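Trainee: I'd like to learn how to read helix packing, burial and backbone angles in a model like this one. Can you walk me through it?

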Amino acid sequence: MRKRLLLSTILASIGVFLLVGGALLLIDPGAPKHEAIKTGGLAGGAIIALYALWLNDRRRKVEEARQELEGQRIEHDRSRVADERFARAVELLGHEAAQVRVGAMHALAGLAKSRVEYAQTVLDILCAYLRRPYTKTKNDPEEIELEVRLTSQRLIEDLLPRLEEENPPLYDLNLTKAHLEFMDLSYRQVGDLYMRVARFEDSNSFHHMKIHGHFYVTEAEMNGRFHMHHTEIRGKAWFSRFKSRGLAIFTDTKFLGETKFTGSEWADVKADGRTFALEADLPEAWRN
């Protein structure tokens, strides 16, 4: 087809050359013949030039289409490989060897960093691991399991956007019924943070945070220190039936939404400078 088009273009160019040159000679027989031939040649050459431009444009579009298809193929291959890595890592989270579970967690975290569409799902999985039944006792023979859980906590922290980031992607954390020990989400941003019926041991840090959504610790228990100072909670803050048996620090924390303390118990609270956008029924320990 390209040969036919080229032949047609050449014939058209010759025809234009003859037509233009002949017309000039008929209109002005006294004009120099070389001028008529020159003008006819320019007209015929313009046809060839237009064909060359069209051909180059067609080649460019074909090349762009080819590159787009190649890019789609590469992206498809990457997605397939990522899906396989994801499925394999999730499967290994149930492995009996602790080091294998730790490796699986790091693989999931690496995937979430390289492909942002996996981030929320990976965070959900890491949180789900922390929701697995776990009881810590003295001389715990499952001390290794605690290390696995601490790894999960550190990776969750690492995947969340830092406090200074502007307009970051916001991820929700569901830590309902989780056992948390030395959890540290300080200087991070989240969407919703759910820690209902959770158990906090030793020291846990949620200070200098920006919680863009809701914060729930209803019916949770805290043994140790609970650091939540200089934090901003934009949604609801629910502490209903929360039992705090250690020091809870809320210095300069901002509660911008509805806040509830119904049935909560507080052994020791430091909350100087805290502010409430809406009136809250404060427990006795918060009024000092």
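Mentor: Start with a pair of helices. The crossing of helix 4 and helix 5 is left-handed. Keep in mind that this is a predicted model.

Trainee: Which residues in helix 4 and helix 5 meet?

Mentor: On the helix 4 side you have Val122, Leu123, Leu126, Cys127, Tyr129 and Leu130, and they meet Glu145, Val148, Arg149, Ser152, Gln153, Leu155, Ile156 and Leu159 of helix 5. Sorted by class, this contact has 10 nonpolar, 2 polar and 2 charged residues.

Trainee: And at what angle do the axes of helix 4 and helix 5 cross?

Mentor: Roughly 150°, and the axes come within 10 Å; helix 4 covers residues 119–130 and helix 5 covers residues 143–159. Angles over 145 degrees count as roughly antiparallel, so helix 4 and helix 5 are roughly antiparallel to each other.

Trainee: Let me try the pair before that. How do the axes of helix 3 and helix 4 cross?

Mentor: Helix 3 is residues 98–114, and its axis comes within 8 Å of that of helix 4, with a crossing of roughly 155°. Helix 3 and helix 4 are therefore roughly antiparallel to each other, and their crossing is left-handed. The contact is made by Arg101, Met105, Leu108, Ala109 and Ala112 of helix 3, together with Ala119, Val122, Ile125, Leu126 and Tyr129 of helix 4. By class, that contact has 9 nonpolar residues, no polar ones and 1 charged.

Trainee: That leaves helix 3 and helix 5. At what angle do they pack?

Mentor: At about 5°, with the axes 9 Å apart. That makes helix 3 roughly parallel to helix 5. To see who meets whom, look at Ala98, Arg101, Val102, Met105, His106, Ala109, Ala112 and Lys113 in helix 3; across from them in helix 5 are Ile144, Glu145, Val148, Thr151, Ser152, Leu155, Asp158 and Leu159. The class count for helix 3 with helix 5 is 9 nonpolar, 3 polar and 4 charged residues.

Trainee: What about the loops leading into and out of helix 3?

Mentor: Take alanine 97, which sits in the loop between helix 2 (33–92) and helix 3. With a relative accessible area of 18%, alanine 97 is buried. Its C-alpha atom is separated by 9.7 Å from that of isoleucine 144, and the two residues are 47 apart along the chain. After helix 3, arginine 115 is found in the loop between helix 3 and helix 4.

Trainee: Is arginine 115 buried or exposed?

Mentor: Buried, with a relative accessible area of 13%. For a charged residue like this, check for polar partners too: the side chains of arginine 115 and glutamate 117 are joined by a polar contact of 3.0 Å.

Trainee: Can I use the same routine on the strands?

Mentor: Sure. Histidine 179 lies in strand 2 (residues 179–181), and it counts as buried at 3% relative accessibility. Its side chain makes a polar contact of 3.2 Å with the side chain of arginine 199. Further along, serine 186 is in the loop between strand 2 and strand 3 (189–190).

Trainee: What does serine 186 touch?

Mentor: Leaving out residues up to four places away in sequence, serine 186 touches Ser205, His207, His208 and Met209. Serine 186 counts as buried, at 8% relative accessibility, and a polar contact of 2.5 Å joins its side chain to that of aspartate 184.

Trainee: Now the backbone angles. How do I read phi?

Mentor: The general idea is that most residues other than glycine have a negative phi. Now look at aspartate 202, where phi is near 60°, a positive value in a residue other than glycine. Aspartate 202 is in strand 5 (residues 199–205) and is partly exposed, with a relative accessible area of 35%.

Trainee: And where is arginine 241 found?

Mentor: In the loop between strand 10 (237–238) and strand 11 (243–249). Arginine 241 also has a positive phi, near 60°, and it is partly exposed at 42% relative accessible area.

Trainee: Last one: how many helices and strands does the protein chain have?

Mentor: There are 5 helices and 15 strands. Of the 288 residues in the protein chain, 40% are buried. For contacts between residues at least 6 apart in sequence, 33% join residues at least 24 apart.

Note on methods
Residues numbered from 1 in each chain as written. Predicted model: local features only at pLDDT ≥ 70, side-chain atom pairs only at ≥ 80, totals over all residues. Heavy atoms only, no water. Axes fitted to C-alpha atoms, helices over the stretch in contact; angles between N-to-C directions. Helix = DSSP H or I, 4+ residues; strand = E, 2+ residues; numbered from the N terminus. Parallel < 35°, antiparallel > 145°, perpendicular 65-115°, else oblique. Left-handed = near helix turned anticlockwise from the far one by under 90°. Contact = heavy atoms within 4.5 Å. Nonpolar A, V, L, I, M, F, W, Y, C, P; charged D, E, K, R; others polar. Buried < 20%, exposed > 50% of the residue type's maximum accessible area, 1.4 Å probe, protein only. Polar contact = N/O pair within 3.5 Å; in protein donor to acceptor, adjacent residues only side chain to side chain.
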